[in-house]
Amino acid sequence: MDKQELYIWFYTPARIEKFKLLPLYEDFWLSDKYCPKKQVPILGDWVMYYPPKDGFPSYDARFKMPEILYLHIKSKVQPSFDWFPQNYKLKIVSESFLNFMISNQLYGRFEATELKVFGKDGKEFIDKKFFVIRICEFDDNKFDFHIENKKRAIGCNKYNYFLYPDMQLKNYNDKQNIFFLNEFCYQDSIILTTDGKDYVMQNFNRPELYKLEDYRFVWNNQYNIEQLPDMVK
């Protein structure tokens, strides 16, 4: 087993509020139609398709991602984030982040579609290109979670969700340095190796990074900035 040090990129609500890098939940909507004045949710059946469970690829046209998706944000400022979690399988990513994924052996393990981003005045932001990706294959089987050392996630007692402060890669081949997990408490995060962390810090805007062993405290205090551990710098 490789003892490669691992890091986690996770946006806490407390630091989202402080740094304003991501739009707040009530200040954006993702849709499969252009709808600048009214929050129209995603309407197509494609959003219900879950590749790890339903099989990939799907040959049913209903589940094909649209050629274009639309993100409306209540701001007049060009968004500067490089990735933005939407749910366990959908993420918004910048073009440079998409290329980072492809360079780390993830090509063919996700789908991507073009995203057009509009501000509150209906003007399209064009200075930075974005995509919506749908994860088709997760990396949980590449990790030993060391479940004997698991910790229950605060606020999730009745659902039996856990954190794994001692989890490690089973094998590390230095070609994949970014990992997506389907384990509940890690669905809105990205796991990085040391090389992945170094690349992220040098190439992406204001990443919120933590040592993996600190994530237990990050998750349990994500709404309280005074209790959050320090970010990796």
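A residue is called buried when its relative accessible area is under 20%, and exposed when that area is over 50%. The exercises below apply to a predicted model.

**Exercise 1.** Decide whether Pro165 is buried or exposed, and state where in the chain Pro165 lies.

*Solution.*
- Step 1: Pro165 belongs to the loop that connects β10 (162–163) and β11 (168–169).
- Step 2: The relative accessibility of Pro165 is 16%.
- Step 3: The cut-off for buried is under 20%, so Pro165 counts as buried.

**Exercise 2.** Find which residues Pro165 touches, leaving out residues up to four places away in sequence.

*Solution.*
- Step 1: Pro165 touches Asn149, Lys151 and Glu213.
- Step 2: Take Glu213 from this list. Along the chain, Pro165 and Glu213 are 48 residues apart.
- Step 3: In space, 4.6 Å separates the C-alpha atoms of Pro165 and Glu213.

**Exercise 3.** Give the order of the strands in the open sheet that holds β13, and name its edge strands.

*Solution.*
- Step 1: The sheet has 4 strands, ordered β12-β13-β1-β14, with antiparallel pairing.
- Step 2: β12 (178–179) and β14 (209–211) each pair on one side only, and these are the edge strands.
- Step 3: Strand β13 (residues 189–193) pairs with β12 over 2 bridges, and 5 bridges join β13 to strand β1 (residues 6–10).
- Step 4: Individual partners can now be placed. Leu192 of β13 is the bridge partner of Ile178. Ile191 of β13 stands opposite Phe179 and is also the bridge partner of Ile8.

**Exercise 4.** Determine how many residues of β13 are buried and which way they point.

*Solution.*
- Step 1: In β13, 5 of the 5 residues are buried.
- Step 2: In a regular strand, side chains alternate between the two faces of the sheet.
- Step 3: Ser189, Ile191 and Thr193 point one way from β13, whereas Ile190 and Leu192 point the other way.

**Exercise 5.** Check whether the overall dimensions of the protein chain agree or disagree with those of a compact globule.

*Solution.*
- Step 1: For 233 residues, a compact globule would have a radius of gyration near 17 Å.
- Step 2: The protein chain has 18 Å, which agrees.
- Step 3: Along the principal axes, the C-alpha atoms fill a box of roughly 50 × 45 × 40 Å.
- Step 4: Within the protein chain, 48% of the 233 residues are buried.
- Step 5: The protein chain contains 5 helices and 14 strands. Of the contacts between residues at least 6 apart in sequence, 68% join residues at least 24 apart.

Conventions:
Residues are numbered from 1 along each chain as its sequence is written. This is a predicted model: local features need pLDDT of at least 70, side-chain atom pairs count only at pLDDT 80 or more; totals for chains, interfaces and linings use all residues. Side-chain values use heavy atoms; hydrogens and water are left out. The radius of gyration is taken over C-alpha atoms; the globule rule is 2.2 Å times the number of residues to the power 0.38. Buried means under 20% relative accessible area, exposed over 50%, partly exposed in between (1.4 Å probe, protein chains only). Contact means heavy atoms within 4.5 Å. Two strands pair if DSSP finds at least two bridges between them.
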